[in-house]
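Student: Please take a close look at one part of this model and work outward from there in a connected account. State the cut-offs where a term comes up.

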Amino acid sequence: MKQNKTLRNILDEYSEKRFLSEQKAEEKKKEIYSKNINLENIEKQINLKSIHKINMLLQNNNEQVEKIDLEINNLKNEKEKIMKNLNISSKSFLPHYECNICNDTGYIRKGNKTIMCNCLKQKIFNIEYNKSNIGNIEKENFSTFNELLYSDEIDENLNISPRENIKIIKKISENFIKNFDDPNEKNLLFTGNIGLGKTFLCNCIAYEILKKGKTVLYQTAPVMIDSILNYRFGKQDSSINIVDNLINVDLLIIDDLGTESLNSMKLTELFTIINSRLLNQNNKITKTIISTNLNLNNIFSIYNERIGSRIIGYYNICKFIGDDIRLK
Ligand SMILES: [Zn+2]
């Protein structure tokens, strides 16, 4: 089974990663101790006293327990003081995990259930769906966003320059990121000709949302719809529930809407995804970005009123204008 194999590979990586961090921490500790024999002695004493304390606890010898607690506390203070003088934080002894939510185990406890940590979910999404799509994310983020690529000449019809326009869209995107968990914050529709930076901006946003520890799934509309149908018809490995993932991922980016071939079944599937994501099922806030070369009129005529009205009602419409910036 494909996902099981993917999952197994990732979990192997995780355990390797954990082992290396723990080993590194242990080495660092040894190194620090080798230079400060006092620290090592104190730690040994603390360990011995802790064992002694357990014995006393078993014997119900409260007087001794209290005495040992005091001694341990003094030793800890002493250790703290030495470390402070050496400019070492107590954190230096702890392993440095990549994900400090699950400590690189991939799983966390929620209530009395064990669930997948977002870092693990995202790893699976990247392998199964995102592939190279958000591979550009290291290059395409707000730090490389350049509004100067857009002309500052005012468009007579629209009464705004492409540069002013993209600045407004950037601001809307930043608010979208900031208010991601606010149910009243709308989704985003990026519309406009190709080469105006729509996918680039999607990547900028994905990068920031991933930094928040949330999950992001990127699909072009044709690939997304085909994968849903393949799943429905059992052509795809059923262990990967793409529909479930498309509905539940924190941020879904549907790129290139309008480049897919359509029929009524595909329309229904598309509506299901767009609509389900608006319902905030299980009190989970999910957001969607749709990017398309179509304008709103096209969307209403090509899709249907059901899809069009969801977009009008629940999406901030960002119209990209200007000349192709890819040549610049
Ligand atoms: Zn994690």
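Tutor: A residue is buried under 20% relative accessible area, exposed over 50% and partly exposed in between (1.4 Å probe, protein chains only). C99 is buried by that rule, because its relative accessible area is 10%. The model is predicted, so local features need pLDDT of at least 70 and side-chain atom pairs pLDDT 80 or more, while totals for chains, interfaces and linings use all residues. Residues are numbered from 1 along each chain as its sequence is written, and side-chain values use heavy atoms, without hydrogens or water.

C99 is one of the protein donors of the zinc ion, together with C102, C117 and C119, each through SG and lying 2.3 Å from the ion. Donors are N, O and S atoms within 2.8 Å of the metal (3.2 Å for Na, K and Ca); water is not among the atoms, so sites may look incomplete. Along the chain the donors of the zinc ion have the spacing C-x2-C-x14-C-x1-C. The pair C99 and C119, 20 residues apart, links distant parts of the chain: C99 sits in the loop between α3 (62-85) and β1 (107-110), and C119 in helix α4 (residues 118-130). Helices (H or I, at least four residues) and strands (E, at least two) are DSSP runs, numbered from the N terminus. The angles between the four donor atoms at the zinc ion are 104 to 115°, so the arrangement is tetrahedral, a label for four donors with all angles between 85 and 135 degrees. The ideal for four tetrahedral donors is 109.5 degrees.

Burial also describes strand β6 (residues 287-292): six of its six residues are buried, so β6 is largely enclosed by the rest of the structure. Both faces of β6 are covered, K287, I289 and S291 on one side and T288, I290 and T292 on the other. Strand β3 (residues 187-191) runs parallel to β6 and is joined to it by four bridges, with T191 opposite T292. Strand β5 (residues 251-257) also pairs with β6 in the parallel sense, over five bridges, with L251 opposite K287; pairing requires at least two DSSP bridges.

N184, in the loop between α5 (162-178) and β3, counts as exposed because its relative accessibility is 68%. The C-alpha atoms of N184 and I274 are 16 Å apart, with their positions 90 residues apart along the chain.

Conventions
Tetrahedral: all angles 85-135°; square planar, octahedral: opposite > 155°, others 65-115°.
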